[in-house]
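Me: I want the reasoning behind the labels, not just the labels. Show me the structure first.

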Amino acid sequence: MESKFQPLFESLTLPNKVELKNRFVLAPLTHVSSNDDGTISEEELVYMEQRSKDVGLAISAASNVTDLGKAFPGQPSVAHDSDLEGLKRLAKVMKKNGAKAVVQIHHGGAQALPNLTPNGDVAAPSPISMKSFGEQEAHDAREITVEEIHESIKAFGEATRRVIEAGFDGVEIHGANHYLIHQFVSPYYNRREDEWGQDRLKFALSVVDEVTSTVKTHADESFIVGYRFSPEEAESPGISMEITEELVKHLIDKPLDYLHVSLMDIYSTTREGKYKDQQRVELLHEWIDGRMPLIGIGSIFTAQQALDAIENTDADLIALGREILLDHNFVSKIVEGKEDEIISQFDGTRADKHELPIKLWTQFNNAFYPLPRTDGK
Ligand SMILES: Cc1cc2nc3c(=O)[nH]c(=O)nc-3n(C[C@H](O)[C@H](O)[C@H](O)COP(=O)(O)O)c2cc1C
């Protein structure tokens, strides 16, 4: 390996004393390839083993904690004890080569898909009509009841218990990307007048408390709990950097092991308000104040870009999303001094189909996600 890449291979110790072998993180990536009932598929096991093998921390695809929260076809489920058998196999393959394996626990809220939920029911902090994953037409979400709010919080705890039982190293609470937890924090989605609307952080922090108290009861200190969030949203009034500052200041007082910002560009700057034009990762680092590591992410497709990100931003760990889908040997090629051979573009003519599950490959081929690609689509 070229010595300049060394900073990417320094180990990092989380607040709970667990050591990550390097600075690379497999981002949570929905692959639409679990079985229809949410159990883990054979194809998914092969794919997850490949993507996890060289990173310090591997995060699984968003996994629904209740049937009401199912937001993708082929989404892995952590909602039932009957999911455990497959989850145990998933934990094993993700951990096989030394990565710490974490399940991203998720509830779609307004973005749940009516064709996947019981009785086509979709519930959100406030009623809304919206299009989500792959939909041609908008669907309606009703207001979630207070009883269901309590049930959803409990479901995050129950999911955590299953993740522990399955032998994973941790959970990541999915508070990002416009799903239920994010919706509660957002003034765009949450227009409730009760305590869950007056205090828009209450749901997120209650989920954190439920998850961390489940961990205390069912696991030892080495179990990792992370939290992912989107720092700003385009809707106005939506989540602003000022709201995120308040959220982060609460989160750092919780027994969490890392925070993970969801960004498409790791160097992106604040859209509006008091912190306009300041780099988001830099602000987050300042607010976290050394209490826990920050995972940065966004448009890293080459070894040099990964190095620049670890050296020139305030992120402690660097997550790879689309790139590790294009080339699951990204990290090992750096180790072997073959960084020039990294595949950084989608090529629909490749015979190996980038070794992706066929449904995920088809989405890429149909330009469902923006990606650097050889055909210019
Ligand atoms: C195919 C695909 C699936 C994704 N699924 C998830 C997911 O399950 N959970 C999540 O928090 N983010 C998800 N994301 C967002 C990524 O984790 C990541 O934040 C985003 O792709 C930016 O990183 P990148 O530039 O390295 O791709 C997904 C992104 C893509 C492209």
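Reply: Start with a cut-off: a residue is called buried when its relative accessible area is under 20%. Note too that this is a predicted model.

Me: Why is Ser 60 called buried or exposed, whichever applies?

Reply: Ser 60 has a relative accessible area of 3%. The cut-off for buried is under 20%, so Ser 60 is buried. Ser 60 is found in the loop between strand 4 (57–59) and strand 5 (63–64).

Me: What makes the pair of Ser 60 and Gln 104 a polar contact?

Reply: The side chain of Ser 60 reaches the backbone nitrogen of Gln 104 at 3.2 Å. The limit for such a pair is within 3.5 Å, so the contact with Gln 104 counts.

Me: How do you know that Gln 104 has a polar contact with the ligand?

Reply: An N or O atom in the side chain of Gln 104 is 2.8 Å from a nitrogen atom of the ligand. Polar contacts are pairs of N or O atoms within 3.5 Å, so this pair qualifies. Gln 104 is also listed among the closest of the 19 residues that surround the ligand, together with Thr 30, Arg 228, Ser 299 and Arg 322.

Me: Which atoms make the ligand contacts of Pro 28 and Asn 177?

Reply: For Pro 28, a polar backbone atom is 2.9 Å from an oxygen atom of the ligand. For Asn 177, a polar side-chain atom lies 3.2 Å from a nitrogen atom of the ligand. The protein covers 93% of the 610 Å² of accessible area that the ligand has on its own.

Me: Why is the pair of Arg 142 and Glu 148 called a salt bridge?

Reply: Their closest N and O atoms are 2.7 Å apart. The rule asks for a side-chain nitrogen of Lys or Arg within 4 Å of a carboxyl oxygen of Asp or Glu, so the pair passes. By this rule the count comes to 23 salt bridges.

Me: What makes Glu 148 buried and Arg 142 partly exposed?

Reply: Glu 148 has a relative accessible area of 18%. Buried means under 20%, so Glu 148 is buried. Arg 142 has 30%. Partly exposed lies between under 20% and over 50%, so Arg 142 is partly exposed.

Me: How do you know that Lys 254 and Asp 209 tie together parts that are apart in sequence?

Reply: Their side chains meet in a salt bridge at 2.9 Å, N to O. Lys 254 lies in the loop between helix 7 (241–251) and strand 12 (258–261), and Asp 209 in helix 6 (residues 202–218), so the pair ties together parts that are 45 residues apart in sequence. Lys 254 is partly exposed at 21%. Asp 209 is partly exposed at 36%.

Me: Why is Asp 277 called exposed and Lys 276 partly exposed?

Reply: Asp 277 has a relative accessible area of 55%. Exposed means over 50%, so Asp 277 is exposed. Lys 276 has 47% relative accessibility, so Lys 276 counts as partly exposed by the same cut-offs. The two side chains meet in a salt bridge at 4.0 Å, N to O.

Me: What makes strand 7 and strand 8 edge strands?

Reply: Strand 7 (123–124) and strand 8 (128–130) each pair on one side only. Their open sheet has three strands in the order 7-9-8, with mixed pairing. Strand 8 and strand 9 (residues 139–143) run antiparallel, joined by three bridges.

Definitions and conventions. Residues are numbered from 1 along each chain as its sequence is written. This is a predicted model: local features need pLDDT of at least 70, side-chain atom pairs count only at pLDDT 80 or more; totals for chains, interfaces and linings use all residues. Side-chain values use heavy atoms; hydrogens and water are left out. Buried means under 20% relative accessible area, exposed over 50%, partly exposed in between (1.4 Å probe, protein chains only). Helices (H or I, at least four residues) and strands (E, at least two) are DSSP runs, numbered from the N terminus. A residue is near a molecule or strand if one of its heavy atoms lies within 4 Å of it. A polar contact is a pair of N or O atoms within 3.5 Å; within protein, one must be able to donate a hydrogen and the other to accept it, and residues adjacent in sequence count only if both atoms are side-chain atoms. Accessible areas come from the Shrake-Rupley method with a 1.4 Å probe; for residues, only the protein chains shown count as cover. Two strands pair if DSSP finds at least two bridges between them.
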